[in-house]
Amino acid sequence: MTFIDPQSEQDPLEVLHRVFGHSAFRGLQEEVIRHSVAGGSGLVLMPTGGGKSLCFQVPALCRPGLGVVVSPLIALMEDQVAALRQQDVAAAALHSELDPDEARAVWRDLNSGQLKLLYVSPERLTSEGTLARLDEMRIALFAIDEAHCVSQWGHHFRPEYRALPMLAERFPAVPRLALTATADPRTVQDIQRQLGLEDSPLFRASFDRPNIMIGALARDQERAQLRGFIKRAGDSSGAGLIYCGTRRKAEQTAEWLRADGQDALVFHAGLEPAEKREAHRRFARGDAVVMAATIAFGMGIDRPDVRYVAHTDLPKSPESWYQEIGRAGRDGLPAEALLLYGAGDIALARHRIQESGASDEQKRVERQRLDAMVSIAEASTCRRQILLRCFGEAAPEPCGRCDICLNPPKLFDGTVPAQKLLSAVLRTGRRFGAGHVIDVLLGKTTPKVTQFGHDQLPTFGVGRDLPESAWKGIARQLVAQGALDVVVENHGELVPTEAARPILKGEQQVMLREELVAPLTPLGRSRARPALPVLGNASADPVFAALRDWRRKTAAAQGVPSYVIFQDRTLAEIASVLPADLDALGKVSGVGATKLERYGDAVLRVLRECE
Ligand code: ADP
Ligand code: ZN
């Protein structure tokens, strides 16, 4: 059965229905697709999960000739190719890790004009052999996925992408579509310049991802906080990601999660290529799998049903944080992101920037990005509004879908406790970290307190009215507000800044967030989970469970990830509509003609067995 004649033109909407089984385009997709079917080039900015793949897959199928997709990661290419083949699209991937037989098969299909979509790594594409072959072929379009890899300003610069500007010169008649989830204006301009897209349109979707509930918490008891979060957000069968600041921490996190009985994996740049591939593969195929990783784990994650993303350390910019949490809930179903952070993170990140070999300009930019991230972490108004503002997007209303909106922090006049803490810092000689200063405030006679005679100070014991956790919260907020610095290169001692002076003199009021000062409760316990436009409470439905079970077996038999058979969303819709025959099943979003033919009878059988 051949659906797509490689040489003839097709209608986009018809391709969407027939091949992908979706009823309508989403957001900007239609505009982008019409433009590129007509032969236009451009740059597409859409958040992760926004639906970028269809923006190039549909035009590639509609235009005569071969669609060439440049992609930086092998795992990503292979999953997309597997998903396309499920839909009977002649797709293949060309990269350095194919064995010679596989590579020969790809070349054979390429030479015979059989292929409709070719995924290729940048270094393979720009090798003379490939280019010479492409010169002779009709090319529908070049899609440059993860286009921020071309820019040094982006956070995933790939030297191999540097060769891509030549596409514009060598194939001037072929439209180029670059796609990225990075909205940082500097990176965007750089991509346009590098890929010769300055005069082509920029398609910019909203970066809001309303189905991702976002929240942040001061890191208090990290494991307990994560356990509570995973239990709630993972909902027993959902996959999740835990981003850690260092490789070591990723390893340790995976270890204790495993000891907890979780199916936990680890990923970081220090793994061997084979280990990385295995981790990718297991993550793509596992059910309630959780990946503890550094930010090295990212672009290859194509699974649409990641239910939660946690950060155990402060990300270095809102852009990277958003890209990382954006890996949750691509299927549009509810997902959740949690950021854990401490004052030490902020200080450490500032220190790293200072000590890096970057130019002053670059350091300044990095500092701005970090400050923006801190303002999100320490927010006392809607976090999503602050976040979207970082991307140059106005969000007039509070979102109602973040921890702050759901549970607005109460502010209180914290001038007096702030003065107590600052004066304890001064009186102990600005030589101690928060732990010791707080011991003095609480009037604890630790060996260190006695040794330095700090039990003789007037500030000794003046903080007994508040618990230790409250003092930690106050210290952190004073750091965030810039009244205290943490000297990271030594032992994390606290040092008052100029901004501390008016506070100590009583000339300036300090407003503090009550909840950061009160003992902390994990996000879920005190806060209700908001209602979302979900397809029912699918995970508790026995029909949905039976369909998932069938899907797992079917996927395992073919050695592909479950979601390339059908996504959760599709199964949930089937479980709620309960189609009686193939016609009705074919109307469900995500059931295209090929999938209907392949799996329709089996799905109807599962439904009958559930009756
Ligand atoms: P991105 O590459 O931008 O992160 P994807 O292309 O992976 O996003 O799409 C995200 C999810 O949205 C996928 O599960 C995809 O099947 C789904 N999707 C995309 N476009 C549509 C559409 N028009 N109708 C229904 N589902 C869609
Ligand atoms: Zn909000």
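This report covers the domain layout, one domain interface and one zinc site of a predicted model.

**Domains**

The protein chain is assigned four stretches, listed below.

| Domain | Residues |
|---|---|
| domain 1 | 12-204 |
| domain 2 | 212-406 |
| domain 3 | 411-513 |
| domain 4 | 538-610 |

**Domain 1 against domain 2**

The centres of domain 1 and domain 2 are 27 Å apart, taken over C-alpha atoms. Domain 1 puts 23 residues into the contact, and domain 2 puts in 21 residues. Together they bury about 2000 Å². Carbon and sulfur atoms carry 51% of that area.

Specific polar pairs can be listed too. The rule finds one salt bridge across the interface of domain 1 and domain 2. It also finds one residue pair in polar contact there, with both residues at pLDDT 80 or more. A salt bridge joins the side chains of Arg 277 and Glu 97, at 2.2 Å from N to O. Glu 97 falls within the bounds of domain 1, and Arg 277 within those of domain 2.

**The zinc site**

Which protein atoms bind the zinc ion (ligand 2)? The donors are the SG atoms of Cys 382, Cys 399, Cys 402 and Cys 405. They lie 2.3 to 2.4 Å from the zinc ion. Along the chain, the donors follow the spacing C-x16-C-x2-C-x2-C.

The angles among the four donor atoms run from 102 to 118°. The site is therefore tetrahedral, as all angles must lie between 85 and 135 degrees for that label. For four tetrahedral donors the ideal angle is 109.5 degrees.

Are Cys 399 and Cys 402 buried or exposed? Cys 402 has 0% relative accessibility, so it counts as buried. Cys 399 has 24%, so it counts as partly exposed. The cut-off for buried is under 20%.

Technical notes: Residues numbered from 1 in each chain as written. Chains lettered and ligands numbered in written order. Predicted model: local features only at pLDDT ≥ 70, side-chain atom pairs only at ≥ 80, totals over all residues. Heavy atoms only, no water. Donors = N, O, S within 2.8 Å, 3.2 Å for Na, K, Ca; no water. Tetrahedral: all angles 85-135°; square planar, octahedral: opposite > 155°, others 65-115°. Buried < 20%, exposed > 50% of the residue type's maximum accessible area, 1.4 Å probe, protein only. Domains from an automatic or database assignment. Contact = heavy atoms within 4.5 Å. Buried area = accessible area lost by both parts, 1.4 Å probe. Salt bridge = Lys/Arg side-chain N within 4 Å of Asp/Glu carboxyl O. Polar contact = N/O pair within 3.5 Å; in protein donor to acceptor, adjacent residues only side chain to side chain.
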